[in-house]
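Open the model in your viewer and have the selection tool ready. The tour goes stop by stop, with something to select at each one.

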Amino acid sequence: MIKFHLLRNGRDFIGHAILIFLPIVLLSIFNYIYSTNLFPIEVMVDSVEIPVILTIGFALTFQIYGSALSTETLAQDFLSPMRDRLLATPASPRKLIMSVLLTSIILSFLQTVVIVIFSMIIFEARFESLWAVLLVLLLSVIVNQLLGATILFLAKDAKTADAITTVYGTMTAICIELYFPLPDLRIFELLKKYLTPMSLARTAIIGIIKNNFQDILIGVLPLILIAVILFILLRPLSKKVII
């Protein structure tokens with residue numbers, strides 16, 4: 001089933017192109033703006049190089065949008081007339097759902113890797129302990145795919161789930177000051193570092209880059225907990241869809 005879903009999702013060339021090239025374009029634009037001081041904006045980069053902080057931000061943002069890889073497939077299979085056909089087959093519905101999620105995680109992570117490699121080659125972004133950074137990015141992908149599926153099964157409508165995911169991705173990107181700095185208030189500092197899965201992943205990655213073990217734990221442990229909780233929630237939610 002995994003091979004089938006890889007081939008199925010791999011055919012969406014336009015979707016993959018958007019999730020790879022749009023963050024690359026935005027990364028290039030914002031890197032130019034901030035590197036040349038085109039606008040008098042003081043970017044809050046936490047003592048990390050601008051290409052690195054932008055790469056982290058856009059990679060994490062488009063992982064959220066990349067949850068559409070699983071939600072669109074799951075909606076086609078279980079929230080449409082296709083559901084009755086699938087339930088009539090010998091295949092286990094839960095195994096089908098897990099196969100969709102696993103293949104979506106693989107494809108979304110590969111998209112993230114392309115963005116990171118592009119930044120390293122073109123902008124000479126330097127990632128300390130790259131393998132550890134990639135592990136956190138993989139963990140973030142898992143959380144976002146599980147979150148997208150959870151939202152879909154709660155909403156029971158693909159358009160509503162996509163709208164929620166889009167708003168969530170946009171707002172969390174703003175919270176980590178990806179596009180512009182926020183007022184110097186405690187609430188914004190908490191949002192930037194701890195209060196969303198994206199900010200936790202960002203905190204962990206910056207902790208890796210700066211060899212700050214405390215930030216790594218603060219970012220990684222809650223992400224693992226969130227992933228476990230979402231995975232547990234998916235069982236009863238998916239049961240309502242497949243019954």
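Start by selecting Glu189, which is partly exposed, with a relative accessible area of 27%. Keep in mind throughout that the model is predicted. Now add Lys193 to the selection: the side chains of Glu189 and Lys193 meet in a salt bridge, with 3.1 Å from N to O. Lys193 is partly exposed too, at a relative accessible area of 24%. Both residues sit in helix 9, 4 residues apart, which means that about one helical turn separates them. An α-helix has 3.6 residues a turn, so residues three or four places apart point the same way.

**The other salt bridges**

How many salt bridges are there by the rule used here? The count comes to 3. For another of them, select Glu49 and Arg126, whose side chains meet with 2.0 Å from N to O. Glu49 is in the loop between helix 2 and helix 3, while Arg126 is in the loop between helix 6 and helix 7 (130-155), so this pair ties together parts that are 77 residues apart in sequence. Colour the two by accessibility: Glu49 is partly exposed at 30%, and Arg126 is exposed at 56%.

Next, select Glu177 and Lys192. They form a salt bridge in which the closest N and O atoms are 3.0 Å apart. Because Glu177 lies in the loop between helix 8 and helix 9 (186-193) and Lys192 in helix 9, the pair ties together parts that are 15 residues apart in sequence. Are Glu177 and Lys192 buried or exposed? Both are buried.

**The whole chain**

Clear the selection and switch to a cartoon view. The secondary structure comes to 11 helices and 0 strands. Reading along the sequence therefore gives α eleven times over, α-α-α-α-α-α-α-α-α-α-α. Of the 243 residues in the chain, 48% are buried.

**Helix 4**

Select residues 68-78, which make up helix 4. Why can this helix be called largely enclosed by the rest of the structure? The reason is that 9 of its 11 residues are buried. Among the buried ones are Ala68, Leu69, Leu74 and Phe78, and also polar or charged names such as Ser70, Thr71, Thr73 and Asp77.

**The largest pocket**

Stay in this area and turn on a surface. The largest pocket holds about 280 Å³ of space. It is lined by 17 residues, and the closest to its centre are Leu19, Tyr65, Gly66, Ala68 and Glu72. Select helix 2 (13-35), helix 3, helix 4 and helix 8 (158-175) to show the elements that each give two or more residues to this lining. Ala68 links this stop to the previous one, being a buried residue of helix 4 as well as one of the residues closest to the pocket centre.

**A cavity**

Now look for enclosed space. The structure holds 2 cavities of 30 Å³ or more. The second largest has a volume of about 40 Å³. To see its lining, select Leu19, Ala59, Phe62, Gln63, Ser108, Gln111, Thr112 and Ile115. Helix 3 (50-65) and helix 6 (93-122) are the elements that give two or more residues to this lining. Which helix gives the most to it? Helix 6 does, with 4 residues. Leu19 appears here in the cavity lining and was also met in the pocket.

**Aromatic rings**

Show the side chains of the aromatic residues. By the rule used here, there are 6 aromatic pairs. One of them is Phe118 with Phe123: the ring centres are 5.8 Å apart and the planes stand at 80°, so the pair is edge-to-face. Phe118 counts as partly exposed, at 23% relative accessibility. Then select Phe30, Tyr34, Phe58 and Tyr179, which ring pairs link into a cluster.

**A nonpolar patch**

For the last stop, turn to the surface and select Met98, Phe213, Leu217, Leu221, Ile224, Val228, Phe231 and Ile232. These residues form a nonpolar patch with about 760 Å² of accessible area together. Helix 11 (residues 213-242) supplies the largest share of the patch, 7 residues. Pick out Ile224, which lies in helix 11. Ile224 counts as partly exposed, at 39% relative accessibility.

Technical notes
Residues are numbered from 1 along each chain as its sequence is written. This is a predicted model: local features need pLDDT of at least 70, side-chain atom pairs count only at pLDDT 80 or more; totals for chains, interfaces and linings use all residues. Side-chain values use heavy atoms; hydrogens and water are left out. Rings of Phe, Tyr and Trp (its six-membered ring) pair if their centres lie within 6.5 Å; planes under 30 degrees apart count as stacked, over 60 as edge-to-face and the rest as tilted. Buried means under 20% relative accessible area, exposed over 50%, partly exposed in between (1.4 Å probe, protein chains only). Patches are made of residues with over 30% relative accessible area and no salt bridge: like charges are joined within 9 Å, nonpolar side chains (Val, Leu, Ile, Met, Phe, Trp, Tyr) within 5 Å. Accessible areas come from the Shrake-Rupley method with a 1.4 Å probe; for residues, only the protein chains shown count as cover. A salt bridge is a side-chain nitrogen of Lys or Arg within 4 Å of a carboxyl oxygen of Asp or Glu. On a 1 Å grid over the protein atoms alone, a cavity is a set of points where a 1.4 Å probe fits but cannot get out, and a pocket is an open set with protein on both sides within 12 Å along at least five of seven lines; lining residues have an atom within 4 Å of a point. Grid points are joined across faces, edges and corners, and a volume is the space filled by probe spheres set on the points.
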